[in-house]
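Grab your viewer and work through these exercises at your own pace. Each one comes with a solution that goes step by step.

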Amino acid sequence: MKSQAAVVTGRDEPWRIVEIDVAAPAPGEVLVEWHAAGLCHSDEHFRSGDRVAPGGDAALYPMLGGHEAAGIVAEVGAGVTTVRPGDHVCASFSPICGRCRYCTSGRGSLCNGNKDFMLRGQLVDGAHRHHLDGEPLYLMAKLGTFAERTVVAERSVIPIPHDVPFEAAALVSCGVATGWGSAVERAGTLPGDVVVVVGCGGLGLSAVQGARTVGAREIIAIDPLPLRRDGAKTCGATRTAASIDEARGVIADLTNGQGADRVILTPSVVTPEILHDGLDVTGKDSVLVVTGMGPFGESPVPLDIGAFALLNKQIRGCLFGSLDPRTATPRLLDLYRSGLLDIDALITRYPLADIGTALADQLEGRNLRGVLVMNGA
């Protein structure tokens with residue numbers, strides 16, 4: 001079958017709308033008709049090449065992008081039991097087997113089944129079911145949701161209620177869950193805490209909402225772009241600043257000079273300077289969460305080791321908000337449906353054909369979160 005799709009053919013090349021060939025689902029796979037797909041900066045890291053290892057271009061391009069999305073199951077392969085045609089689903093960029101030590105201990109985002117999810121080929125058998133002019137495509141996170149339809153593993157989709165809009169479900173499948181969990185689960189925000197969120201795109205605004213949900217006393221949202229600072233106020237930030245340096249005095253005043261209880265780094269690109277400055281405003285026995293990614297191989301971080309040790313600080317990495325996709329997705333959608341999690345305010349819609357405009361708007365701060373809407377959706 002055919003599908004319109006957004007493909008990038010080389011490092012730092014633009015997205016191209018092309019027609020690709022999609023084979024039928026094999027055992028353990030499902031064909032999904034995607035209705036909405038979020039523009040996450042993770043796709044931009046791979047399109048631009050800043051997360052591609054030296055010499056790794058041949059393994060990655062041509063690439064069908066997209067890893068957060070929602071749609072309708074059109075067809076299932078043999079042995080599929082958790083979904084059937086007509087079900088509404090969202091993507092899970094981290095596949096969940098449900099059986100490994102991480103899944104059975106509630107850490108599904110770290111599932112052993114995702115160890116090959118950034119390699120070419122299908123998750124189930126390594127074969128190729130998506131081609132452009134006869135050439136196999138690499139699918140971002142083995143999903144490739146910048147397309148009208150793709151074939152994905154059963155363990156890469158999660159059923160969702162039919163009354164949830166596809167655009168909202170798409171963002172919960174990655175960005176909203178990752179940001180919200182960064183504040184609630186990984187940072188462990190407590191009522192009365194002073195929380196700093198650095199970077200107020202989709203991840204950061206969701207982190208702000210997570211901190212608000214659990215009762216943070218003060219939430220300082222930091223972003224150089226005015227639209228995103230305004231969005232942070234709407235989402236529950238009590239104060240905003242354009243940079244960490246600008247916020248230092250406010251953080252000191254609010255904490256009697258002790259530093260913030262939780263600092264969450266969610267900028268588009270985490271640099272050594274941002275990490276250093278974020279840790280500097282993190283208080284004694286407090287937590288710095290690194291959710292955003294840096295360029296491939298970025299390693300030198302200026303760190304005052306003595307102060308880090310003597311002040312008992314913590315630095316924590318964070319994948320998918322340290323949540324389990326199968327339990328977190330319905331939980332967050334319930335918060336959305338009850339009005340306790342505002343996703344609609346983040347969304348600006350674009351047709352798939354306008355992916356270039358959507359990406360430019362997102363990178364230049366003209367939207368809070370771009371969502372691609374497929375034809376007829």
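**Exercise 1. Find the residues that line the second largest cavity, then sort them by class.**

Solution. Keep in mind that this is a predicted model.
- Step 1: start with Leu 119, Gly 121 and Gln 122, which are among the lining residues.
- Step 2: go on to Ala 127, His 128, Arg 129 and His 130, which also line the second largest cavity.
- Step 3: finish the list with Leu 137, Tyr 138, Leu 139 and Lys 142.
- Step 4: sort them, and you get 5 nonpolar, 4 polar and 2 charged residues.
- Step 5: for the volume of the second largest cavity, you should land on about 60 Å³.

**Exercise 2. Say how many cavities of 30 Å³ or more there are, and describe the largest one.**

Solution.
- Step 1: the count of cavities at that cut-off is 2.
- Step 2: the largest cavity comes out at about 70 Å³.
- Step 3: its lining includes Trp 15, Leu 39, Cys 40, His 41, Asp 43 and Glu 44. Phe 146, Leu 359, Gln 362 and Leu 363 complete the lining of the largest cavity.
- Step 4: look for the helices involved. Helix 1 (41-48) and helix 11 (355-363) each give at least two residues to this lining.
- Step 5: the class split for the largest cavity is 6 nonpolar, 2 polar and 2 charged.

**Exercise 3. Work out how helix 5 sits against helix 6.**

Solution.
- Step 1: helix 5 covers residues 202-213 and helix 6 covers residues 226-235.
- Step 2: their axes lie 9 Å apart, at an angle of about 25 degrees.
- Step 3: angles under 35 degrees count as roughly parallel, so helix 5 and helix 6 are roughly parallel to each other.
- Step 4: the crossing of helix 5 and helix 6 is right-handed.
- Step 5: on the helix 5 side, pick out Leu 205, Val 208, Gln 209 and Arg 212; they meet Arg 228, Gly 231, Ala 232 and Cys 235 in helix 6.
- Step 6: the residues of this contact split into 4 nonpolar, 2 polar and 2 charged.

**Exercise 4. Do the job again for helix 4 and helix 5.**

Solution.
- Step 1: helix 4 spans residues 175-186, and it packs on helix 5 at about 45 degrees, with 7 Å between the axes.
- Step 2: that angle therefore makes helix 4 and helix 5 oblique to each other.
- Step 3: the crossing of helix 4 and helix 5 is right-handed.
- Step 4: check the contact list. Helix 4 brings residues including Gly 175, Val 176, Thr 178 and Trp 180, while helix 5 brings residues including Gly 202, Leu 203, Ser 206 and Thr 213.
- Step 5: this contact of helix 4 with helix 5 has 7 nonpolar and 8 polar residues, with no charged ones.

**Exercise 5. Which residues lie nearest the centre of the second largest pocket, and which elements supply its lining?**

Solution.
- Step 1: the space in the second largest pocket is about 290 Å³.
- Step 2: of its 20 lining residues, Leu 279, Asp 280, Val 281, Thr 282 and Lys 313 lie nearest the centre.
- Step 3: helix 7 (244-254), helix 8 (272-280), strand 16 (282-290) and helix 9 (305-310) each supply at least two lining residues.
- Step 4: by class, the lining of this pocket has 9 nonpolar, 6 polar and 5 charged residues.

**Exercise 6. Locate the cis peptide bond and the positive phi of a non-glycine residue.**

Solution.
- Step 1: the cis bond joins Tyr 61 and Pro 62, with omega at about 0 degrees.
- Step 2: Pro 62 is in the loop between helix 2 (57-60) and strand 4 (63-64).
- Step 3: Asp 133 is not a glycine, yet its phi is positive, about 50 degrees.
- Step 4: you'll find Asp 133 in the loop between strand 7 (130-132) and strand 8 (135-136).

Terms used:
Residues numbered from 1 in each chain as written. Predicted model: local features only at pLDDT ≥ 70, side-chain atom pairs only at ≥ 80, totals over all residues. Heavy atoms only, no water. Axes fitted to C-alpha atoms, helices over the stretch in contact; angles between N-to-C directions. Helix = DSSP H or I, 4+ residues; strand = E, 2+ residues; numbered from the N terminus. Parallel < 35°, antiparallel > 145°, perpendicular 65-115°, else oblique. Left-handed = near helix turned anticlockwise from the far one by under 90°. Contact = heavy atoms within 4.5 Å. Nonpolar A, V, L, I, M, F, W, Y, C, P; charged D, E, K, R; others polar. 1 Å grid on protein atoms, 1.4 Å probe; cavity = no way out; pocket = protein on both sides within 12 Å on 5 of 7 lines; lining within 4 Å. Points joined across faces, edges and corners; volume = space filled by probe spheres on them.
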